[in-house]
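I open this notebook to record what I looked up in the structure shown below. The entries follow the order in which I made the queries.

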Amino acid sequence: MACKFELDLNDFIVASKKMGVNVDKVLKEKLPDAIKIMHREAELNAPRAKKNRSKYTSAHLADAIPCQDKASVNGTYYQIKFGWEKVDNSEHYYSKFLEWGTSKMLARPFIEPAVRKKSKEALNLLYKAVEKEVERFGK
C-alpha cells in the first residue's frame, strides 16, 4: 500500500544537462511538495471515527499516514513513498486491511484513489518548477 510516485526522466534530464540546466536539483526539491498534494487527498479520504476511541493510539489513521520528505534518486529515476508497507506492524497496521481488503472484508481504499485523483496536479507542479528553471537559465 505504500504508494510510490515514480518518474523516469532519463531523456529529459540528459537533454537539460546538455543545455546546462540543473533539473536534478529542482526535482529533488519539488518532488516532496508534489507528493504532499496526494498525501493531503489521502488524509481527506481516509476513514476517521467521530472520536478516537482507540486505547492503542492517540492519532486517527488519517492523521498518521507516513510520508517520506526526501526523494530517493537512482540515476535518473526519482522515487518517493507514502503510506504503509505490507509488513508494517505500527499502531495503524489495520490500514492495509482497509486499503486492500481481506478475505472477509471488501477493500475501502483511500491512498490509491488519492494518487489517481491528484497525480496530474502533482506532475503539473513539477512541470512548472522545471519550466521556471529553464526560463531562468534562458535569461
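**Entry 1: the helix α4 pair**

I began with Glu 121, which counts as partly exposed at 39% relative accessibility. I was working from a predicted model. I then looked for the charged partner of Glu 121 and found a salt bridge with the side chain of Lys 118, at 3.2 Å from N to O. The two residues are three apart in helix α4, so about one helical turn separates them. Lys 118, at 19% relative accessibility, falls under the 20% limit and therefore counts as buried.

**Entry 2: the other salt bridges**

I asked how many salt bridges the structure contains. The count came to three.

I next examined Lys 117 and Glu 41, whose closest N and O atoms are 3.2 Å apart in a salt bridge. Lys 117 belongs to helix α4 (residues 111-138) and Glu 41 to helix α2, so this pair ties together parts that are 76 residues apart in sequence. I noted that Lys 117 is exposed at 56% relative accessibility, whereas Glu 41 is buried at 8%.

I also recorded a salt bridge between Lys 30 and Asp 33, at 3.9 Å from N to O. These residues are three apart in helix α2, and about one helical turn lies between them. Lys 30 is partly exposed at 32% relative accessibility, and Asp 33 is partly exposed at 30%.

**Entry 3: the geometry of helix α2**

I checked the course of α2 and found a bend of about 35 degrees at Lys 30, with Pro 32 following within four residues. I then compared its length with expectation: the 23 residues should span 33 Å, and the end C-alpha atoms are indeed 33 Å apart.

**Entry 4: the aromatic cluster**

I searched the whole structure for aromatic pairs and obtained two. Tyr 93 and Tyr 94 are edge-to-face, with 6.0 Å between centres and 85 degrees between planes. Tyr 93 and Phe 97 also have centres 6.0 Å apart, and their planes stand at 80 degrees, so this pair is edge-to-face. Ring pairs thus link Tyr 93, Tyr 94 and Phe 97 into a cluster. I found Tyr 93 partly exposed at 43%, Tyr 94 at 29% and Phe 97 at 35%.

I then turned to Ser 95, in helix α3 (residues 95-100). Ser 95 is buried at 0% relative accessibility, and a polar atom of its side chain lies 3.0 Å from the backbone oxygen of His 92.

**Entry 5: confidence**

I read a mean pLDDT of 80 for the protein chain, with 83% of residues at 70 or more. Among the elements, helix α2 (residues 23-45) has the highest mean, 88, and strand β1 (residues 3-8) the lowest, 59. Where pLDDT is low, the predicted coordinates should not be read in detail.

How values were computed: Residues are numbered from 1 along each chain as its sequence is written. Side-chain values use heavy atoms; hydrogens and water are left out. pLDDT is the predictor's confidence in each residue, from 0 to 100. Rings of Phe, Tyr and Trp (its six-membered ring) pair if their centres lie within 6.5 Å; planes under 30 degrees apart count as stacked, over 60 as edge-to-face and the rest as tilted. Buried means under 20% relative accessible area, exposed over 50%, partly exposed in between (1.4 Å probe, protein chains only). The expected span of a helix is 1.5 Å times one less than its number of residues. The bend at a residue is the angle between axes fitted to the seven residues ending there and the seven starting there. A polar contact is a pair of N or O atoms within 3.5 Å; within protein, one must be able to donate a hydrogen and the other to accept it, and residues adjacent in sequence count only if both atoms are side-chain atoms. A salt bridge is a side-chain nitrogen of Lys or Arg within 4 Å of a carboxyl oxygen of Asp or Glu.
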